[in-house]
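Please provide a guided tour of this structure for a viewer session, stating at each stop what to select and what is found there.

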Amino acid sequence: MTGNGYLQLGLYLVVLLACAWPLGRYMARIYHGDIPVFVRWLRPLERGIYRLAGVSGDDAMPWTRYTLAVLLFNLLGFLAVFALQRLQDVLPLNPDGMAATTADLAFNTAVSFATNTNWQAYGGESTMSYLTQMLGLGVQNFLSAATGMAVLIALARGFVQREAAALGNFWVDLVRSTLYILLPLSIVLSVVLVSQGVVQTFNQHASVQLVEKLEFDQPKLGDDGQPLKDAQGRPVTETMTSAEQRIAVGPAASQIAIKQLGSNGGGFFNINSSHPFENPTPLSNFLELLAILLIPAALCITFGCYDGDRRQGVAILAAMTVIFVAMLALCVGSEQSGNPLFERLGLDTKASELQAGGNMEGKETRFGVVNSALWATATTAASNGSVNAMHDSFTPLGGLVPMWLMQLGEVVFGGVGSGLYGMIIFALVAVFVAGLMIGRTPEYLGKKIEAFEVKMAAVAILVPPLVVLLGTAIAVMADAGRAGTANPGAHGFSEILYALSSAGNNNGSAFGGLSANTPFYNTLLGFAMLFARYWLIVPVLAIAGSLAAKKSIPPGAGTLPTHTPLFVMLLIGTVIVVGALTFLPALALGPIVEHLQMIGAQ
Amino acid sequence: MLKELKPAVAIFGLLTLLTGAAYPALITGIAQGVFPDQANGSLIVKDGKALGSRLIGQAFSNAGHFWGRPSATAPMPFNAAASGGSNQGPLNPALEESVKGRIAALKASDPSQTAAIPVDLVTASGSGLDPHISVAAALWQAPRIARERQLPESRVRDLIASQTEDRQLGVLGEPRVNVLELNLSLDALAGIR
């Protein structure tokens, strides 16, 4: 790696942490209802929404009602996205004439966007109309993110409330997250992205004249629209000549801004943020990367401010950052040292001022190795899932990093809201384990952690691995599951494990070779996403309700302080041990054995 | 349950209008007003004809043009209506076969060039639309272009240097050359197509 590589990575971390601090404090004020002057002009809009919806801001909900509101609201989002896809051929704003999607794809995509996963079983520019993208997918980008933030704030209230029955009002938390946080940031980011070359238009595709006419082979279709096969069963092709390039465009910038900020990750185009119209320049890449981790990092500060002890938020942020940097180093190192095959073939793979070198298969020239590996680490640390390089073509260990970051439960930054509430669950387990070791009743932020909380935490921690491992087992045993893999050997297994890790932790990134748009995978991954999202949200809100009802106890001599480096290490240890014990056997069958094969190959 | 239904429907409807209609409309308005060129695809227009997009690569295979990154889109390379990568894993025999084929084609295009080929010139890009190659990949092709175009090699190297995009703000990304723009300027220089 060149000196510039270290500089780019360092710059990213510094800017991220520097922006997280003020944004975190701003968000804490918003959730307290102390709206800062410069956004106070939005208050009439906020009040108008409440009035039209018949919501009263001081109508605090007990955890059961809060949960019901979350689930009901998410159900509406699911139904809307499903209906838009099924009806897009007869609805307006479809200039390129997209057909209605199949029922299984519509189910998968609707679940995917309602659960903040944004798994793409479809190719945006070849499947979805502009209306579906804007009114379906784009809206869920905002609302699924706002849902995660609301649940986090409800949990934060559980720690501050004393002997209270209620957790606040879901509708208020939801509207404020959207109106004061997600929307202003998205407006600023999308305008900057357009200036870099991200498209934003309602026109149909553009056509340009090619400089060199292009000859290519294309599968010949029969009268029934199916590819023709010859006597040996090989597809019949015909040679075509094209003098024109058809370039898909659309209202992309507005969607990409929120896709990154809301840890959504579903691309406007099939190939997501490696598409030059989604991510045209190194600057757009830097800003989109920043947007991936910005809100998840800032929410740690928000949590500390909200609960009146900033050191608690800083401690959690520190634990996340340490894991992130370690994983980043492994990913960048593996990709830069590259694939030994390329050296055997006599290629020049050395990084210099003239080329990025390393493993460039599946990577874009403008991003090179460093920015591709940084993105892969950030997008899976957060539950974003967008990609600017093809993870399927990463080296085995370079691909292990994003896979394992997802398997850790999406708690290293994680999704907006969901990452931090996941991490707080791990913190509860950490204080519980520490309590067992020193023989004291565990406490966190002045609340006793008792049997009910630990049971709920166990559910929240165990359900995603269960979904991932059982789902992988089902897929590798079923013919339909094995048929989807694109690569032979251990890598094919990695593709399946990656897909389930992604859906089972609501990330959405993919080893793109897997043919996932089949009834089998659309259904399996759809249910994996549902389990992973709501089997976390319900236990988290139950913990919040139970904590809110408790007395707050002042710290005593036997209290384990939870803002010290010791606790940071304990928290990191808990996350890593759970993640390693659960997934090492599966990883050994995929990327680890593949790595050994790679370095052993002659 | 019913008590929450009304706010759920109303808030869903209102926020859908705000984030799914008003917001993209506002951004489109700003984009078309302030950055119309970028918002419509950064097209290169000459004499009223669109010759390509600065951000989207095209396939080049003539010996007299610089070649770009291999593209894995189907059915033709650089299909800007259906982006895609190869998704070949590092040990996939198909990857080795593809890379060997590309090396052979490059060597056949210029048997006298014996320097090692830069890796980006024989590996498929992520999007299949990558408009750039590394500076090293452009320089590797310079002797061939000079011969085919009957230009001094120093002239070709100057052209590459003038078309090289440096790291943005001096720090971000990688130095690179836009293949379509490089070839268009090469065509303009030679006065031929």
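**A helix pair in chain A**

Begin by selecting Phe142(A), Ala145(A), Ala146(A), Thr147(A), Met149(A), Ala150(A), Ile153(A) and Ala154(A), the residues through which H6(A) meets H7(A). Their partners in H7(A) are Phe170(A), Asp173(A), Leu174(A), Ser177(A), Thr178(A) and Leu182(A). The model on display is a predicted one.

Now extend the selection to the whole of both helices, residues 130-160 for H6 and residues 170-196 for H7 of chain A. Their axes lie 8 Å apart and pack at an angle of about 120°. Because angles from 65 to 115 degrees count as roughly perpendicular and those over 145 as roughly antiparallel, this value makes H6(A) oblique to H7(A). The crossing of the two helices, H6(A) and H7(A), is right-handed.

**A second pair in chain A**

Next, select residues 310-337 and residues 368-381 of chain A, which are helix H10 and helix H12. Here the axes are 9 Å apart, and the packing angle is about 140°. H10(A) is therefore oblique to H12(A). H10(A) passes H12(A) in a right-handed crossing.

To display the contact, show the side chains of Phe324(A), Met327(A), Leu328(A), Cys331(A), Val332(A), Glu335(A) and Gln336(A) on H10(A). On H12(A), the residues to show are Val369(A), Val370(A), Ser372(A), Ala373(A), Leu374(A), Ala376(A), Thr377(A) and Ala381(A).

**A loop and the domains of chain A**

Select Asn272(A), in the loop that joins helix H8 (253-261) to helix H9 (282-306) of chain A. Phi of Asn272(A) is near 65°, a positive value in a residue other than glycine. Is Asn272(A) buried or exposed? Asn272(A) has 31 other C-beta atoms within 10 Å, so it is buried.

For a wider view, colour residues 206-247 of chain A as domain 1 and residues 304-600 as domain 2, following the domain assignment. The C-alpha centres of domain 1 and domain 2 of chain A are 41 Å apart.

**Chain B as a whole**

Turn to chain B, which has six helices and five strands. Traced from the N terminus, the elements of chain B follow the order α-α-β-β-α-β-α-α-β-β-α. The radius of gyration of chain B is 22 Å, well over the 16 Å that the globule rule gives for 193 residues, so the chain is more spread out than a compact globule. Rotate the C-alpha trace of chain B onto its principal axes, along which it spans about 80 × 45 × 35 Å.

Of the 193 residues in chain B, 49% are buried. Among contacts in chain B with a separation of 6 or more, 53% are between residues 24 or more positions apart.

**Two backbone details in chain B**

Select Ala74(B) and Pro75(B) and inspect the peptide bond that joins them: it is cis, with omega near -10°. Pro75(B) is located in the loop between strand E2 (49-53) and helix H3 (93-109) of chain B.

The final stop is Gln150(B), in the loop between helix H4 (135-149) and helix H5 (153-163) of chain B. Phi of Gln150(B) is near 50°, which is a positive value in a residue other than glycine. How many C-beta neighbours does Gln150(B) have inside 10 Å? There are 8, and Gln150(B) therefore counts as exposed.

Key:
Residues numbered from 1 in each chain as written. Chains lettered and ligands numbered in written order. Predicted model: local features only at pLDDT ≥ 70, side-chain atom pairs only at ≥ 80, totals over all residues. Helix = DSSP H or I, 4+ residues; strand = E, 2+ residues; numbered from the N terminus. Rg over C-alpha atoms; globule rule 2.2 N^0.38 Å. Buried ≥ 20, exposed ≤ 12 C-beta atoms within 10 Å, placed from the backbone. Contact = placed C-beta atoms within 7 Å. Domains from an automatic or database assignment. Axes fitted to C-alpha atoms, helices over the stretch in contact; angles between N-to-C directions. Parallel < 35°, antiparallel > 145°, perpendicular 65-115°, else oblique. Left-handed = near helix turned anticlockwise from the far one by under 90°.
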